[in-house]
Amino acid sequence: MKHQTIGLFAQPLVRLQMNVNGIAEFFDSEIKSENGRVNKGGDMGDESLIHYHNDHNVFRLYDQLADLESEILKGANFVYRNVMNFDSELGITNAWFNECAIGGSQFMHNHCNAVLCGTLYLRTDEKTFIQFQNPFGISETVCNLTDLPNTKRDNPYGYHFHFPQVTCVVENGVCLFWPSYIKHGYYNNQTPGRLSLSFNLMPRSFSGLYNPYFSS
Ligand SMILES: [Fe+2]
């Protein structure tokens, strides 16, 4: 049928390449060897996934990561101001490492205390991925009937509106940024020692009533 379709409200997922030389080795020798400040399984109880310092900011704990912090802040502010068109400057509220063994999963979640989130990949292989969930069309506050679209049948017009989530393959040095309300996760990891660094970012000043708290 002759028709016109307009895709409304696309969400940005921005991919930057960063210098991660020596970061995984630093994690192994200096951070993993410490047994304090480690949260096993996060809030999902999966012991295959260990978060290191996920209630802190690793850039305040390890001066050796200062160059990486600068690169992430530069990238985040590029995304927020030049891609998303905000004027405020972003600061990092917290940053932490995630190491996942084979078979581990991180279920779909999003982050509070942030307007922008990011993850930098430090130890990957060809099987490393992350998924993002379409924020529209899913109600989590009321019981609802379910009628799922057929994701296995190609749309005759080439549209992609029917996918509930997208899968992104990632490599070492890839840094992804996305708005904090986008849910993300992965399942049944097949990368030995899948290692990433995640971070939350907030504006350093707000035009509204409340102000953010920074750890420095
Ligand atoms: Fe996350």
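Helices and strands here are DSSP runs, numbered from the N terminus, with at least four residues for a helix and at least two for a strand. With that in hand, here are the close-ups, all taken from a predicted model.

**View 1. The whole chain, read from start to end.** Walk along the sequence and the pattern is β-α-β-β-α-α-β-β-β-β-β-β-β-β. That makes 3 helices and 11 strands in the protein chain. The chain has 216 residues, and 27% of them count as buried. Take the contacts with a separation of 6 or more, and 87% of them come from residues 24 or more positions apart.

**View 2. Helix H1 and its buried face.** H1 covers residues 23–31, and its buried residues are Ile23, Ala24, Phe27 and Ile31. Look down the axis of H1 and these buried residues fall within an arc of 110 degrees, so they line one face of the helix. An α-helix has 3.6 residues a turn, so residues three or four places apart point the same way. Over on the other side of H1, Glu25 and Ser29 are exposed. And what sits over the buried residues of H1? The cover includes S3, helix H3 (66–83), strand S4 (90–100), S6 and S11.

**View 3. Helix H3, end to end and side to side.** H3 has 18 residues and reaches 25 Å from its first C-alpha to its last, close to the 26 Å expected at 1.5 Å a residue. Its buried residues are Leu68, Ile72, Ala76, Val79 and Tyr80. Around the axis they cover an arc of only 90 degrees, which puts them on the same side of H3. Turn to the face away from that buried side and you meet the exposed residues Ala66, Asp67, Ser70, Lys74 and Asn82. The buried residues of H3 are covered by a set of elements that includes strand S1 (14–17), H1, S4, S6, strand S9 (174–179) and S11. Just after H3 comes Asn85, with a positive phi of about 70 degrees.

**View 4. Strand S11 and its two antiparallel partners, S4 and S6.** In S11, 8 of the 10 residues are buried, so the strand is largely enclosed by the rest of the structure. S4 pairs with S11 in the antiparallel sense over 10 bridges. To find your way along that pairing, look for Gly91, whose bridge partner in S11 is Met202. S6 also runs antiparallel to S11, and 7 bridges join them. Here the pair to look for is Gly118 with its bridge partner Phe199 in S11.

**View 5. Pro203, in strand S11.** Pro203 belongs to S11, which spans residues 194–203. Is Pro203 buried or partly exposed? Pro203 has 17 C-beta neighbours inside 10 Å, so it counts as partly exposed; the buried class asks for 20 or more. Asp87 is worth picking out in this view too: Pro203 and Asp87 are 116 residues apart in sequence, yet 9.2 Å apart in space, C-alpha to C-alpha.

**View 6. The open sheet S5-S10-S7-S8.** This sheet is built from 4 strands in the order S5-S10-S7-S8, with antiparallel pairing. S5 and strand S8 (165–169) stand at the edges with a single partner strand each, so one side of each is left without a neighbour in the sheet. From one strand to the next, the twist averages 25 degrees. Inside the sheet, strand S7 (residues 129–133) and strand S10 (residues 184–186) run antiparallel and are joined by 2 bridges. Gln131 is a handy marker here, with Gly185 as its bridge partner in S10.

**View 7. Two loop residues with positive phi, His53 and Asn113.** His53 has a positive phi of about 65 degrees although it is not a glycine. Look for His53 in the loop between strand S3 (49–52) and helix H2 (58–61). How many other C-beta atoms lie within 10 Å of His53? There are 21, so His53 is buried. Asn113 is not a glycine either, and its positive phi is about 55 degrees. The loop that holds Asn113 runs between strand S5 (106–109) and strand S6 (116–123). With 13 other C-beta atoms within 10 Å, Asn113 is partly exposed.

Conventions: Residues are numbered from 1 along each chain as its sequence is written. This is a predicted model: local features need pLDDT of at least 70, side-chain atom pairs count only at pLDDT 80 or more; totals for chains, interfaces and linings use all residues. A residue is buried if 20 or more other C-beta atoms lie within 10 Å of its own, exposed if 12 or fewer, and partly exposed in between; C-beta atoms are placed from the backbone. Two residues are in contact if their C-beta atoms, placed from the backbone, lie within 7 Å. The arc is that of the directions from the helix axis to the C-beta atoms. Two strands pair if DSSP finds at least two bridges between them. Axes are lines fitted to C-alpha atoms, for helices over the stretch in contact, and angles run from 0 to 180 degrees between N-to-C directions. The expected span of a helix is 1.5 Å times one less than its number of residues.
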